[in-house]
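Reader: Hello! I would love a close look at one part of this protein, with enough of its surroundings to see how that part sits in the whole.

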Amino acid sequence: MEIAHQPIRNGYFPERGIASVVATMTGGRQCEVGNIGYDGMTGIALILGQDSSSNETYIQVAGNGWRLPVEIIRPAVAESPSLRTSVLDYAHAFLVQSSRTALVNGHSKIEERLARWLLMIHDRSDGDKIYLTHEFLATMLGARRPGVTTALQMLEYRGLVRAKRGEVTIIDRVGLMELTHGAYGEEEQRYFGLATAA
(Lines give C-alpha, C1' and ligand atoms only; values in the text may rest on other atoms or scores of the structure.)
Protein backbone atom coordinates (compact mmCIF):
# COMPACT_ATOMS: atom_id res chain seq x y z
CA MET A 1 0.00 0.00 0.00
CA GLU A 2 2.61 2.53 1.10
CA ILE A 3 6.36 2.13 0.81
CA ALA A 4 8.54 4.30 3.04
CA HIS A 5 9.85 7.45 1.32
CA GLN A 6 7.98 6.65 -1.92
CA PRO A 7 5.15 8.82 -3.29
CA ILE A 8 1.73 7.88 -1.90
CA ARG A 9 -0.53 7.30 -4.87
CA ASN A 10 -3.78 6.26 -3.14
CA GLY A 11 -5.60 6.51 0.14
CA TYR A 12 -7.46 3.41 1.33
CA PHE A 13 -10.63 3.52 3.41
CA PRO A 14 -11.22 0.03 4.84
CA GLU A 15 -14.76 -1.15 5.47
CA ARG A 16 -13.48 -4.52 6.65
CA GLY A 17 -9.92 -5.62 7.26
CA ILE A 18 -6.99 -3.96 8.99
CA ALA A 19 -3.87 -2.16 7.77
CA SER A 20 -0.67 -1.81 9.81
CA VAL A 21 1.60 1.21 9.83
CA VAL A 22 5.12 -0.07 10.51
CA ALA A 23 8.30 1.84 11.31
CA THR A 24 11.68 0.36 10.31
CA MET A 25 15.09 1.08 11.85
CA THR A 26 18.46 0.77 10.19
CA GLY A 27 19.26 -2.93 10.20
CA GLY A 28 15.68 -3.92 9.43
CA ARG A 29 14.14 -3.98 12.92
CA GLN A 30 10.43 -3.19 12.69
CA CYS A 31 7.54 -2.30 14.97
CA GLU A 32 3.92 -1.38 14.35
CA VAL A 33 3.18 2.23 15.26
CA GLY A 34 -0.53 2.11 14.47
CA ASN A 35 -3.31 0.13 12.88
CA ILE A 36 -6.19 1.22 10.70
CA GLY A 37 -9.60 -0.39 10.34
CA TYR A 38 -13.08 0.80 9.46
CA ASP A 39 -12.38 3.74 11.79
CA GLY A 40 -9.94 5.46 9.44
CA MET A 41 -7.85 5.72 6.32
CA THR A 42 -4.31 5.19 5.08
CA GLY A 43 -2.25 8.01 3.62
CA ILE A 44 -2.51 10.35 6.60
CA ALA A 45 0.63 12.10 5.32
CA LEU A 46 -1.45 13.28 2.35
CA ILE A 47 -3.91 15.02 4.65
CA LEU A 48 -1.01 16.73 6.39
CA GLY A 49 0.35 18.09 3.08
CA GLN A 50 3.09 15.51 2.48
CA ASP A 51 3.67 13.27 -0.54
CA SER A 52 5.25 10.34 1.29
CA SER A 53 5.71 8.79 4.73
CA SER A 54 8.74 7.48 6.57
CA ASN A 55 6.69 4.39 7.49
CA GLU A 56 5.31 1.47 5.52
CA THR A 57 1.64 0.57 5.47
CA TYR A 58 0.38 -2.85 4.47
CA ILE A 59 -2.67 -5.05 4.88
CA GLN A 60 -2.64 -7.09 8.06
CA VAL A 61 -6.13 -8.62 7.84
CA ALA A 62 -7.75 -8.97 4.41
CA GLY A 63 -11.06 -7.24 3.82
CA ASN A 64 -12.61 -4.69 1.51
CA GLY A 65 -12.90 -0.93 1.26
CA TRP A 66 -12.39 2.01 -1.02
CA ARG A 67 -9.27 3.16 -2.85
CA LEU A 68 -9.08 6.79 -3.91
CA PRO A 69 -6.19 8.30 -5.87
CA VAL A 70 -4.41 11.29 -4.35
CA GLU A 71 -5.67 13.41 -7.28
CA ILE A 72 -9.20 12.93 -5.93
CA ILE A 73 -8.51 13.04 -2.17
CA ARG A 74 -6.64 16.35 -2.03
CA PRO A 75 -9.17 18.46 -3.99
CA ALA A 76 -12.08 16.85 -2.10
CA VAL A 77 -10.49 17.70 1.27
CA ALA A 78 -9.70 21.25 0.09
CA GLU A 79 -13.25 21.87 -1.15
CA SER A 80 -15.25 20.28 1.67
CA PRO A 81 -14.90 21.78 5.16
CA SER A 82 -16.78 18.86 6.73
CA LEU A 83 -14.55 16.27 5.02
CA ARG A 84 -11.43 18.24 6.00
CA THR A 85 -12.60 18.35 9.64
CA SER A 86 -13.33 14.63 9.59
CA VAL A 87 -9.97 13.54 8.15
CA LEU A 88 -8.03 15.95 10.38
CA ASP A 89 -9.90 14.59 13.42
CA TYR A 90 -8.86 11.10 12.34
CA ALA A 91 -5.25 12.20 11.77
CA HIS A 92 -5.21 13.53 15.34
CA ALA A 93 -6.71 10.30 16.66
CA PHE A 94 -4.07 8.28 14.82
CA LEU A 95 -1.31 10.44 16.32
CA VAL A 96 -2.81 9.77 19.77
CA GLN A 97 -2.78 6.04 19.01
CA SER A 98 0.86 6.20 17.85
CA SER A 99 2.03 8.17 20.88
CA ARG A 100 0.12 5.82 23.19
CA THR A 101 1.78 2.86 21.45
CA ALA A 102 5.22 4.41 22.03
CA LEU A 103 4.42 4.98 25.71
CA VAL A 104 3.15 1.43 26.19
CA ASN A 105 6.08 -0.12 24.30
CA GLY A 106 8.49 1.77 26.52
CA HIS A 107 6.88 1.04 29.88
CA SER A 108 4.69 -2.07 29.74
CA LYS A 109 5.53 -5.74 30.03
CA ILE A 110 5.26 -7.78 26.87
CA GLU A 111 2.08 -9.56 28.00
CA GLU A 112 0.43 -6.16 28.63
CA ARG A 113 1.54 -4.93 25.20
CA LEU A 114 0.26 -8.11 23.58
CA ALA A 115 -3.10 -7.83 25.37
CA ARG A 116 -3.46 -4.21 24.20
CA TRP A 117 -2.55 -5.09 20.62
CA LEU A 118 -5.04 -7.99 20.55
CA LEU A 119 -7.77 -5.69 21.89
CA MET A 120 -7.03 -3.07 19.25
CA ILE A 121 -7.25 -5.67 16.49
CA HIS A 122 -10.38 -7.17 18.06
CA ASP A 123 -11.97 -3.68 17.98
CA ARG A 124 -11.54 -3.60 14.22
CA SER A 125 -12.39 -7.25 13.48
CA ASP A 126 -15.66 -9.00 12.68
CA GLY A 127 -15.31 -11.79 15.19
CA ASP A 128 -13.25 -13.21 18.02
CA LYS A 129 -10.71 -15.02 15.81
CA ILE A 130 -7.55 -13.21 14.75
CA TYR A 131 -5.41 -14.94 12.14
CA LEU A 132 -1.67 -14.36 12.57
CA THR A 133 1.64 -16.04 13.24
CA HIS A 134 3.96 -15.61 16.22
CA GLU A 135 6.53 -14.14 13.83
CA PHE A 136 4.02 -11.53 12.69
CA LEU A 137 3.10 -10.72 16.30
CA ALA A 138 6.77 -10.27 17.12
CA THR A 139 7.14 -7.73 14.30
CA MET A 140 4.01 -5.85 15.36
CA LEU A 141 5.19 -5.62 18.97
CA GLY A 142 8.86 -4.99 18.14
CA ALA A 143 9.73 -8.00 20.28
CA ARG A 144 11.56 -11.29 19.92
CA ARG A 145 9.48 -14.27 18.79
CA PRO A 146 10.25 -16.44 21.89
CA GLY A 147 9.05 -13.61 24.16
CA VAL A 148 5.81 -13.29 22.22
CA THR A 149 5.26 -17.06 22.36
CA THR A 150 5.73 -17.03 26.14
CA ALA A 151 3.40 -14.04 26.56
CA LEU A 152 0.74 -15.70 24.41
CA GLN A 153 1.02 -18.88 26.49
CA MET A 154 0.55 -16.80 29.64
CA LEU A 155 -2.61 -15.21 28.23
CA GLU A 156 -3.88 -18.64 27.28
CA TYR A 157 -3.06 -20.07 30.75
CA ARG A 158 -5.17 -17.28 32.31
CA GLY A 159 -8.08 -18.19 30.04
CA LEU A 160 -8.01 -14.88 28.17
CA VAL A 161 -7.31 -16.31 24.72
CA ARG A 162 -7.10 -19.63 22.94
CA ALA A 163 -4.12 -19.95 20.63
CA LYS A 164 -3.34 -22.44 17.92
CA ARG A 165 -1.12 -22.32 14.87
CA GLY A 166 -1.86 -19.15 12.92
CA GLU A 167 -4.88 -18.18 15.03
CA VAL A 168 -5.75 -16.48 18.32
CA THR A 169 -9.31 -16.47 19.66
CA ILE A 170 -10.36 -13.82 22.18
CA ILE A 171 -12.10 -15.58 25.09
CA ASP A 172 -12.20 -12.93 27.85
CA ARG A 173 -12.09 -9.35 26.54
CA VAL A 174 -12.64 -7.78 29.97
CA GLY A 175 -9.80 -9.88 31.41
CA LEU A 176 -7.50 -8.71 28.61
CA MET A 177 -8.40 -5.10 29.36
CA GLU A 178 -7.62 -5.59 33.05
CA LEU A 179 -4.29 -7.21 32.18
CA THR A 180 -3.15 -4.09 30.30
CA HIS A 181 -3.18 -2.10 33.58
CA GLY A 182 -4.47 1.00 31.79
CA ALA A 183 -2.44 0.59 28.60
CA TYR A 184 -5.72 0.10 26.71
CA GLY A 185 -9.02 1.77 27.33
CA GLU A 186 -9.98 5.35 27.84
CA GLU A 187 -7.71 6.95 25.22
CA GLU A 188 -8.73 4.49 22.51
CA GLN A 189 -12.42 4.95 23.31
CA ARG A 190 -12.27 8.74 23.44
CA TYR A 191 -10.66 9.17 20.05
CA PHE A 192 -11.91 6.18 18.08
CA GLY A 193 -15.38 5.65 19.57
CA LEU A 194 -14.79 1.90 19.81
CA ALA A 195 -16.91 -0.29 22.06
CA THR A 196 -15.37 -1.63 25.26
CA ALA A 197 -18.14 -4.03 26.12
CA ALA A 198 -17.24 -7.68 26.66
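Which residue just after H5 takes a positive phi, and of about what value? Please take that helix and its neighbours as your theme, and then show me around the rest.

Author: Happy to! One caution to begin with: this is a predicted model. The residue you ask about is Gly142, which follows directly after H5 and has a positive phi of about 65°.

Let us start with the helix itself. H5 covers residues 134–141, and its buried residues are Phe136, Leu137, Ala138, Met140 and Leu141. These buried residues pack against two helices, H4 (110–123) and H6 (145–157), and against the strands S2, S3 and S4, the last of which covers 56–61.

On the helix side of that packing, Leu152 is a good residue to select in your viewer. Leu152 sits in H6. Its relative accessible area is 2%, so it counts as buried, the cut-off being under 20%. Leaving aside residues up to four places away in sequence, Leu152 touches Leu114, His134, Leu137, Val161, Ala163 and Val168. Two of these bring us back to the helix you asked about: His134 and Leu137 are touched by Leu152, and both fall within residues 134–141 of H5. Leu137 is also listed among the buried residues of H5. For a sense of distance, try Thr42: it is 110 residues from Leu152 along the chain, and the two C-alpha atoms are 29 Å apart.

On the strand side, S2 (residues 18–24) and S3 run antiparallel and are joined by six bridges. One pairing you can pick out is that of Val22 with Glu32, its bridge partner in S3. The two strands make a hairpin with five residues between them, and in the turn Gly27 has a positive phi of about 100°. S3, which covers residues 30–36, is mostly covered, with five of its seven residues buried.

S4 leads to a residue of another kind. Gly63 lies in the loop that links S4 to S5 (65–69). Its relative accessible area is 54%, which means that it counts as exposed, since the cut-off is over 50%. Even so, Gly63 touches Arg16 and Gly17, not counting residues up to four places away in sequence. Leu118 is 55 residues from Gly63 along the chain, with 18 Å between their C-alpha atoms.

Now go back to H6 and follow the chain onward. In the loop between H6 and S7 (161–164) you come to Arg158. This arginine is exposed, at a relative accessible area of 51%. Its C-alpha atom is 18 Å from that of Lys129, which is 29 residues away along the chain. Beyond this loop, S7 pairs with S8 (residues 167–170) in the antiparallel sense, over four bridges. Arg162 has Thr169 as its bridge partner in S8. These strands also form a hairpin, with two residues between them, and Gly166 in the turn has a positive phi of about 75°.

Since you began with a positive phi, two histidines deserve a stop. Most residues other than glycine have a negative phi. His5, however, has a positive phi, near 65°. This histidine belongs to the segment before S1 (10–14), and at 57% relative accessibility it counts as exposed. His181 is not a glycine either, yet its phi is positive, at about 50°. You will find His181 in the loop between H7 (173–179) and H8 (186–192), where it is exposed, with a relative accessible area of 62%.

Finally, the whole protein. Its secondary structure comes to eight helices and eight strands. A compact globule of 198 residues would have a radius of gyration near 16 Å, and the 17 Å found for this protein agrees with that. The C-alpha trace spans about 55 × 40 × 30 Å along the principal axes. Of the 198 residues, 45% are buried. Among contacts between residues at least 6 apart in sequence, 69% join residues at least 24 apart. The accessible surface comes to about 10400 Å², and carbon and sulfur atoms account for 53% of it. As for charge, there are 20 positive and 22 negative side chains, and the centres of the two sets lie 5 Å apart.

Notes
Residues numbered from 1 in each chain as written. Predicted model: local features only at pLDDT ≥ 70, side-chain atom pairs only at ≥ 80, totals over all residues. Heavy atoms only, no water. Rg over C-alpha atoms; globule rule 2.2 N^0.38 Å. Buried < 20%, exposed > 50% of the residue type's maximum accessible area, 1.4 Å probe, protein only. Contact = heavy atoms within 4.5 Å. Areas by Shrake-Rupley, 256 points an atom, 1.4 Å probe, with all protein chains shown as cover. Lys, Arg positive; Asp, Glu negative; His and termini not counted. Charge placed at Lys NZ, Arg CZ, Asp CG, Glu CD. Pairing = 2+ DSSP bridges.
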